[in-house]
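Me: Before we use any of the labels attached to this model, I would like each one traced back to its value and its cut-off. Please take my questions in turn.

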Amino acid sequence: MTTLAMTIGGNPVNGKDSFAILNPSTGETVGHAPKATLAQLDDAVAAAEAAFQGWSKKSDEELAAACGAVTEKIGAHAEELALLLTAEQGKPLNGLGSRWELGGAQAWAGYTSGLSLPMKVLQDNNEGRVEMHRKPVGVVASITPWNFPVMIAIWHILPALRTGNTVIIKPSPMTPLSTLRLVELMNEVLPAGVVNVVTSDDKTGDNIGAAMSAHPGIRKVVFTGSCATGQKIMMSAAETMKRLKLEMGGNDAGIVLPDVDPAKIAEGLFWGGFINNGQTCAAMKRLYVHEDVYDDVCGALVDFARNIPVGDGMDEGSILGPIQNQAQFDKVQRLVEAGKTKGRVLMGGEPGEGLFYPPTIIADLNNGDPLVDEEQFGPALPIIKYSDLDAVIETANDNPAGLGGSVWSKDVEKAKEIAGRMQCGSVWINKHGAIQPNAPFGGVKSSGIGVEFGEEGLAEYTDIQVVFS
Ligand code: NAD
């Protein structure tokens with residue numbers, strides 16, 4: 001049983017009460033997290049404001065070195081954090097699971113530590129000198145979801161620290177333990193108040209996330225989660241003119257052209273759709289396949305999917321685990337049941353024990369069917385047959401989301417031309433969902449505002465000041 005405190009101003013702080021965290025594989029309680037009060041949020045803001053005075057004045061080299069020390073801490077505690085993550089999130093230790101997530105967190109932290117946004121001279125001549133400086137915005141609030149709690153925390157915290165901001169993070173009530181421990185570890189190498197963590201369960205406690213997005217002491221909110229919550233944050237942030245970075249839901253389309261070799265793309269298609277059990281913002285959530293290869297692609301995908309071991313995340317042999325929580329399970333089940341009335345179930349389709357749901361593939365669906373139109377965020381992939389390429393691009397674009405998309409073809413140039421016509425922030429050719437720390441990642445349309453990663457992502461944590469002399 002893991003019971004952890006919040007970290008506020010470098011000190012361990014308990015809430016007025018606590019809430020239980022369940023292991024999605026077993027339903028057992030794995031630990032407890034504190035329920036923060038609104039007064040404790042005020043304490044965290046005050047601690048982060050006080051720490052900002054010193055932190056924002058550190059040199060570029062000092063900030064880089066401190067972020068490097070955080071990266072080393074994550075590396076040294078990777079296995080401990082991976083075990084905690086599997087216990088509360090359900091994802092397996094192996095495959096693209098907790099150990100992989102910790103590896104990603106360390107890689108992103110290391111890369112971000114090495115980035116820099118030096119002052120730019122825009123003009124230097126007889127008429128004068130113009131310099132563009134990037135300044136930290138102040139106290140940053142990070143609000144994270146339950147699907148990749150450690151990696152997303154790193155995506156939010158490291159660029160904020162690297163640019164001289166201080167942070168208060170609020171993890172999802174489903175998966176707070178790994179973040180509580182992560183921040184505790186960060187505080188072993190950072191000055192007090194630079195990174196703080198508050199937790200709450202949204203239901204019986206104060207809605208700390210909502211309070212953060214309205215708090216006058218917070219200058220920026222970086223949020224990853226659902227579109228509905230992102231919209232609420234945007235509304236409540238207006239009054240205090242906060243900077244916002246919102247990474248919200250996706251409903252990524254994959255388009256398979258008639259020239260593919262079905263057996264060769266089956267593995268990529270599967271992991272594009274089922275990474276983290278489909279509980280991934282930029283997973284492939286709708287697959288459009290040309291009629292000439294439709295049956296063969298469906299067959300090859302099912303052949304690959306049948307061999308994936310699903311089980312308790314703590315079992316070293318598991319490659320996929322359970323759905324993380326009951327609400328998400330219910331949503332997947334509702335969408336699959338609706339899909340079964342119109343489509344053809346190629347595999348899965350019936351719930352397993354507890355929160356386990358087998359990889360499910362349903363063919364012969366169309367736009368207008370709930371499993372195609374709505375973001376399932378779970379292990380259920382709809383397949384849609386098409387005959388006309390121009391029409392299918394329009395069909396793929398006919399969705400409010402615009403996070404990612406993919407094109408599958410032997411003709412990479414043709415695939416790139418199609419990519420240019422897709423309304424989304426990232427397009428992959430012959431793969432889906434691969435991200436890297438030097439490539440900006442973000443959504444268009446309802447999928448969000450702003451980007452993460454690379455210099456463009458780092459710049460989001462700064463305000464520009466131009467000095468004319
Ligand atoms: P969610 O929106 O329900 O919760 C996300 C976070 O917001 C949690 O920490 C929650 O406590 C907090 N929150 C709840 N109410 C709030 C409020 N009124 N104000 C501020 N914060 C509040 O999302 P979730 O269920 O945790 O995650 C699933 C969703 O997240 C999916 O739609 C998925 O596509 C999306 N997601 C997007 C990305 C991305 O990078 N675009 C990544 C992961 C998940």
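The questions below go through the ligand site, the aromatic pairs and several single residues.

Me: What kind of model is this?
Reply: It is a predicted model.

Me: Which residues come nearest to the ligand?
Reply: The shell holds 30 residues, and Thr 144, Asp 202, Ser 226, Met 248 and Glu 375 come nearest. By class, the shell divides into 14 nonpolar, eleven polar and five charged residues.

Me: What makes the approach of Trp 146 to the ligand a polar contact?
Reply: The cut-off for a pair of N or O atoms is 3.5 Å. A polar side-chain atom of Trp 146 lies 3.0 Å from an oxygen atom of the ligand, so the pair is within the limit. For Thr 229, a polar side-chain atom lies 2.8 Å from a ligand oxygen. Gly 225 uses a backbone N or O atom instead, 3.1 Å from an oxygen atom of the ligand. Both of these distances also fall within 3.5 Å, so they count as polar contacts too.

Me: How much of the ligand does the protein cover, and which elements give two or more residues to the shell?
Reply: On its own the ligand has 850 Å² of accessible area, and the protein covers 89% of that. The elements that give two or more residues are α7 (208–214), β11 (220–224) and α8 (227–237). Of these, α8 gives the most, with three residues.

Me: How do you know where the ligand lies relative to domain 1 and domain 2?
Reply: Domain 1 (2–248 + 445–468) gives residues to the shell, and domain 2 (252–429) does too, so the ligand lies between them.

Me: Why is the pair of Phe 270 and Phe 304 called tilted?
Reply: Two values are needed, because a ring pair is described by the distance of the centres and the angle of the planes. The centres of Phe 270 and Phe 304 are 5.5 Å apart, within the 6.5 Å limit, so the rings count as a pair. Their planes are 55° apart. Stacked needs an angle under 30 degrees and edge-to-face one over 60, so the pair is tilted. It is one of ten aromatic pairs found in the whole structure.

Me: What makes this pair a link between parts of the chain?
Reply: Phe 270 lies in helix α9 (residues 262–274) and Phe 304 in helix α10 (residues 294–305), so the pair ties together parts that are 34 residues apart in sequence. Elsewhere, ring pairs link Trp 108, Trp 155, Phe 441 and Phe 453 into a cluster.

Me: Why is Phe 270 called buried, and why is Phe 304 called partly exposed?
Reply: Buried means under 20% relative accessible area, and Phe 270 has 0%, so it is buried. Phe 304 has 23%, which is between 20% and 50%, so it counts as partly exposed.

Me: Why is Gln 279 called buried, given that its place is in a loop?
Reply: The label depends on area. Gln 279 is in the loop between α9 and β14 (284–290), and its relative accessible area is 1%, under the 20% limit, so it is buried. Its side chain reaches the backbone nitrogen of Gln 324 at 2.9 Å.

Me: Why does Glu 188 count as partly exposed and not as exposed?
Reply: Exposed needs over 50%, and Glu 188 has 48%, so it counts as partly exposed. Glu 188 is found in the loop between α6 (177–186) and β10 (195–197).

Me: What makes the approach of Glu 188 to Lys 73 a polar contact?
Reply: The side chains of Glu 188 and Lys 73 make their contact at 2.5 Å, and the limit is 3.5 Å, so the distance fits the label.

Me: What sets the phi of Asn 430 and of Lys 445 apart?
Reply: Asn 430 has a positive phi of about 60° although it is not a glycine. Lys 445, not a glycine either, has a positive phi of about 50°. Asn 430 is in the loop between β19 (426–429) and β20 (448–449), and Lys 445 is placed in the loop between β19 and β20 as well. Their relative accessible areas are 32% for Asn 430 and 38% for Lys 445; both values lie between 20% and 50%, so both residues are partly exposed.

Terms used: Residues are numbered from 1 along each chain as its sequence is written. This is a predicted model: local features need pLDDT of at least 70, side-chain atom pairs count only at pLDDT 80 or more; totals for chains, interfaces and linings use all residues. Side-chain values use heavy atoms; hydrogens and water are left out. A residue is near a molecule or strand if one of its heavy atoms lies within 4 Å of it. A polar contact is a pair of N or O atoms within 3.5 Å; within protein, one must be able to donate a hydrogen and the other to accept it, and residues adjacent in sequence count only if both atoms are side-chain atoms. Accessible areas come from the Shrake-Rupley method with a 1.4 Å probe; for residues, only the protein chains shown count as cover. Helices (H or I, at least four residues) and strands (E, at least two) are DSSP runs, numbered from the N terminus. Ala, Val, Leu, Ile, Met, Phe, Trp, Tyr, Cys and Pro count as nonpolar, Asp, Glu, Lys and Arg as charged, and the others, Gly among them, as polar. Domain bounds come from an automatic or database domain assignment. Rings of Phe, Tyr and Trp (its six-membered ring) pair if their centres lie within 6.5 Å; planes under 30 degrees apart count as stacked, over 60 as edge-to-face and the rest as tilted. Buried means under 20% relative accessible area, exposed over 50%, partly exposed in between (1.4 Å probe, protein chains only).
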